[in-house]
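Work through these exercises with the sequence and the 3D view open. Try each task before reading its solution.

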Amino acid sequence: MGRKLHITGIEVTQFTWVLEAIAKDDYYNGFNLVYTPGERQEMSGHILQVRTSAGITGTFIGGSKGDYAQMEMYAEYLVGRNPLERELIHNDLKRALRKLDRTSVGLVDIALWDIAGRLYDAPIWELLGGYRERIPAYASTYHGDENGGLGSPEEFADFAVTCRDMGYRAFKIHGWSHAPIAREVRNVLAVREAVGKEMDLMLDPACEYETFADALRVGRACDEARYFWYEDPFKDSGLSHFAQKRLREMIDTPILMGEHIRSLEPKVDMIVAGATDYVRVNPTLDMGITGAMKVAHAAEGFGLDVEFHAPGPAQRHCLAAVRNANYYELGLVHPKAPESAPPVYTDYSDALDAIDADGSVPVPDGPGLGVEIDWDYVRAHQTGSRILAGR
Ligand SMILES: [Mg+2]
């Protein structure tokens, strides 16, 4: 007989924090946050709490306003469910939200895993099946700016050397918004020239390049400089399997795709189409730890590696339980700007200095997600709180 408990309530708390020396960049009217001395950017965050009849509350920090609007559509369904029946909840919500992107489900699922870990008094990685306790990280930069931070190939190269000297074994460039493509090419080559042969380098234009031809031009520079991967290059926004397959045929550098298609079946279809080398997944965006582990194991079945998108406790737990993965994405980082995450944990960080001398991050070892929320900070910066269902 399984354990009998049920979800009693869903609550969302909103809070603010400030990123100093960061502002929305001009070109797109603010879709990229970049280093801008003298400016400050007010950010808003969310904490999801899922309460249970066992007195255990699962939490997740993150998600967008849109996610919580989506969650309101099914919060009543969750109340009364057994939080340990994650697979049933996953499948019910997969069907119920079939016309939507389902990104909100990831937030709920991670909180349910947190509940399970607290109930069994074990970290999530142990419940998933441990494979490693430390994960090599790459320094993942803010987008390039025009303000003297990451403003030139020379500045990117200097920062890569700094990261290498700190112990990072890998460095990922997020290039500029709407840059001349020649500067993107120079950046790829200059960073390799500066760090030497040993460091793994990745490039993520985040779909900024206008054309396939530009993607190809920069991809050939990645070949020349022996990049580890090339990710989401141009404005198909990472959606065209056909273009990705053509690009793979024309360059040697492995490509990493899948950040912008959601969940298991579309990612498997992408693999079958021959449209990627590494498979992108994110527990927050791809239906939680449950959804991300399905993708990780599907990739394993094809003999491919899965690369987890973005930092966070859930990503660390998944990576600790997966063989076929290479790196943890630590960021966004910058030589002059503060870390991009809110200061809401007492015992956990994704700042530039969160690595050990060997360039790795640890996996939280406490029950569930294994992180402590700094509720004093949250309460002092709280802007709202809502019960979505139950109490
Ligand atoms: Mg990316």
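**Exercise 1: a loop residue with unusual phi**

His178 is exposed, as 12 other C-beta atoms lie within 10 Å of its own. Keep in mind that this is a predicted model.

Task: find where His178 lies, and state what marks its phi.

Solution.
- Step 1. Locate the residue. His178 sits in the loop between β5 (170–174) and α7 (181–195).
- Step 2. Read the backbone angle. Phi of His178 is near 55 degrees, a positive value in a residue other than glycine.
- Step 3. Set that against the general rule. Most residues other than glycine have a negative phi.
- Step 4. Apply the burial cut-off. A residue counts as exposed if 12 or fewer other C-beta atoms lie within 10 Å. His178 has 12, so it is exposed.

**Exercise 2: a second positive phi**

Task: place Ala206 in its loop. Is Ala206 buried, exposed or partly exposed?

Solution.
- Step 1. Ala206 is in the loop between β6 (200–203) and α8 (212–224).
- Step 2. Its phi is positive, about 55 degrees, although Ala206 is not a glycine.
- Step 3. Count neighbours. Ala206 has 18 C-beta neighbours inside 10 Å, so it counts as partly exposed.

**Exercise 3: a cis peptide bond**

Task: identify the residues that a cis peptide bond joins, and find the strand that holds Leu332.

Solution.
- Step 1. The cis bond joins Gly331 and Leu332, with omega about 5 degrees.
- Step 2. Leu332 belongs to strand β11 (residues 328–333).
- Step 3. For context, most peptide bonds are trans.

**Exercise 4: strand β9 and its neighbours**

Task: sort the side chains of β9 by direction. Then trace the strands that pair with β9.

Solution.
- Step 1. Start from the general pattern. In a regular strand the side chains alternate between the two faces of the sheet.
- Step 2. Apply it to β9 (residues 278–281). Tyr278 and Arg280 point one way, Val279 and Val281 the other, and all are buried.
- Step 3. Look at β8 (residues 255–257). It pairs with β9 in the parallel sense over 2 bridges. Leu256 has Tyr278 of β9 as its bridge partner.
- Step 4. Turn to β10 (residues 306–308). It runs parallel to β9, joined by 3 bridges. Phe308 in β10 stands opposite Val281.
- Step 5. Add the helices. β8, α10 (residues 264–272) and β9 form a right-handed β-α-β unit. β9, α11 (residues 288–301) and β10 also make a right-handed β-α-β unit.

**Exercise 5: the two sides of α1**

Task: which residues of α1 are buried, and what do they pack against?

Solution.
- Step 1. In α1 (residues 65–72), Asp67, Gln70 and Met71 are buried.
- Step 2. They span an arc of only 100 degrees around the axis, so they lie on the same side of α1.
- Step 3. Recall the helix geometry. Residues three or four places apart point the same way, because an α-helix has 3.6 residues a turn.
- Step 4. Check the face turned away from the buried side. It carries the exposed residues Lys65, Gly66 and Ala69.
- Step 5. Find the packing partners. The buried residues of α1 pack against α2 (75–78), α4 and β13 (382–390).

**Exercise 6: the domain contact**

Task: how many residues does each domain give to the contact?

Solution.
- Step 1. Domain 1 covers 7–122 + 375–390, and domain 2 covers 126–362.
- Step 2. The contact takes 36 residues from domain 1 and 31 residues from domain 2.
- Step 3. On the domain 1 side, α4 gives the largest share, 10 residues.
- Step 4. By class, that side has 20 nonpolar, 9 polar and 7 charged residues.

Terms used: Residues numbered from 1 in each chain as written. Predicted model: local features only at pLDDT ≥ 70, side-chain atom pairs only at ≥ 80, totals over all residues. Domains from an automatic or database assignment. Contact = placed C-beta atoms within 7 Å. Helix = DSSP H or I, 4+ residues; strand = E, 2+ residues; numbered from the N terminus. Nonpolar A, V, L, I, M, F, W, Y, C, P; charged D, E, K, R; others polar. Buried ≥ 20, exposed ≤ 12 C-beta atoms within 10 Å, placed from the backbone. Pairing = 2+ DSSP bridges. Right-handed = clockwise from strand over helix to strand, strands pointing away. Arc of directions from axis to C-beta.
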